[in-house]
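Have the sequence and the model open side by side, and let's take a walk through them.

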Amino acid sequence: MEKYFDVLQKSPLFRDISRQNLSAMLGCLGAKVLSCQKKETILSEGEPARFIGIVLSGSVQILHEDYWGNRSIVGVAEPSELFGESFACAGVLEMPVRVAASQQADVLLTDCRRITAPCSNACAFHQQAIYNLLRAVAEKNLQFHQKIQVTSRRTTKEKLLAYLLLQTEKSHSPSFEIPYNRQELADYLGVDRSGLSVEIGKLSRQGIIEVHQKHFRILEANPLQAAQQHIQSDRWE
């Protein structure tokens with residue numbers, strides 16, 4: 001477990017908890033580490049929503065599949081990030097989503113009740129963990145709100161550009177790498193893959209973005225405005 005301490009100390013759940021207390025805390029929480037292959041399910045839709053996970057290596061995706069098998073990517077978690085905490089803390093009886101490894105991944109799982117229930121050992125750091133968990137759930141709710149802002153846009157182009165602008169804010173740079181391939185990005189945005197590829201091609205040819213696989217660079221200070229100007233000019237031609 002100690003080989004993951006550097007990653008764990010960056011996790012929102014263990015914010016402001018010293019390294020020497022980390023080992024004792026993991027024992028108190030009954031935490032266990034799982035090694036998962038690509039596409040392997042970690043938490044299944046319909047199972048009790050009890051567990052909170054932390055990605056130790058690789059990455060995982062939070063997925064929802066409807067009655068007809070259409071897949072939507074709710075989100076992604078990378079090293080030190082949490083998953084499952086919103087559902088576990090809300091007391092949801094069953095997981096409404098599935099969590100699966102998007103590549104070879106190691107994850108840590110702990111039962112949410114071990115965090116929120118009174119600690120029989122009276123651990124000094126237990127209250128800090130409860131506060132951290134509350135803050136992490138609030139931050140995750142903000143992320144879901146941001147996704148709604150993106151996916152509520154009317155067109156594929158608007159959804160794509162809104163998503164890319166969020167990534168520039170997150171990375172504090174106009175150049176960044178996203179965690180999705182084309183199909184996964186389409187699933188996240190809730191659009192058709194072919195239509196998404198068409199819009200990426202148009203924006204690239206118009207000099208609004210540069211793209212190389214998962215790496216994007218925003219070339220315009222206001223890409224939404226620039227894209228609208230190109231639409232207007234195309235109508236006049």
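What follows goes from strands to helices and ends with two loop residues.

First, some ground rules: this is a predicted model, where local features need pLDDT of at least 70, side-chain atom pairs count only at pLDDT 80 or more, and totals for chains, interfaces and linings use all residues. Residues are numbered from 1 along each chain as its sequence is written, and side-chain values use heavy atoms, with hydrogens and water left out.

Let's start with strand β3, residues 51-57. Strands here are DSSP runs of E with at least two residues, helices are runs of H or I with at least four, and both are numbered from the N terminus. Five of the seven residues of β3 are buried, so this strand is largely enclosed by the rest of the structure. (Buried means under 20% relative accessible area, exposed means over 50%, and partly exposed is in between, with a 1.4 Å probe and protein chains only.) Who are its partners? Strands pair if DSSP finds at least two bridges between them. β3 pairs with β8 (residues 105-111) in the antiparallel sense over six bridges, and there Phe 51 has Asp 111 as its bridge partner. β3 also pairs with β6 (residues 82-83), again antiparallel, over two bridges; Gly 53 stands opposite Phe 83 in that strand.

Further along the chain, look for an open sheet of three strands in the order β9-β11-β10, with antiparallel pairing. Its edge strands are β9 (175-177) and β10 (209-212), each of which pairs on one side only. On average, neighbouring strands of this sheet are turned by 15° against each other, direction ignored; the axes behind such angles are lines fitted to C-alpha atoms, for helices over the stretch in contact, and angles run from 0 to 180 degrees between N-to-C directions. Four bridges tie β10 to β11 (residues 215-218), and Val 211 sits opposite Phe 216 of β11.

Now for helix α5, residues 126-151. The expected span of a helix is 1.5 Å times one less than its number of residues, so the 26 residues of α5 should cover 38 Å, and the end C-alpha atoms are indeed 38 Å apart. Several of its residues are buried, including His 126, Leu 133, Val 137 and Lys 147. Ile 148 belongs to this helix too, but it counts as exposed because its relative accessibility is 54%. From Ile 148 to Cys 28 it is 120 residues in sequence and 37 Å in space, C-alpha to C-alpha.

Next, find Glu 184 in helix α7 (residues 182-189). What is the nearest side chain of opposite charge to Glu 184? It's Lys 214, 4.9 Å away, and the buried Glu 184 has no salt bridge. A salt bridge takes a side-chain nitrogen of Lys or Arg within 4 Å of a carboxyl oxygen of Asp or Glu; for charge, Lys and Arg count as positive and Asp and Glu as negative, while His and the chain ends are not counted. Glu 184 does have a polar contact of 3.1 Å with the side chain of Gln 61. (That term means a pair of N or O atoms within 3.5 Å; within protein, one must be able to donate a hydrogen and the other to accept it, and residues adjacent in sequence count only if both atoms are side-chain atoms.)

Finally, the backbone. Most residues other than glycine have a negative phi. Asp 16, however, has a positive phi near 65°. Asp 16 lies in the loop between α1 (5-8) and α2 (19-29) and is exposed, at 68% relative accessibility. His 172 has a positive phi as well, about 55°; this residue lies in the loop between α6 (156-171) and β9 and is exposed at 73%.
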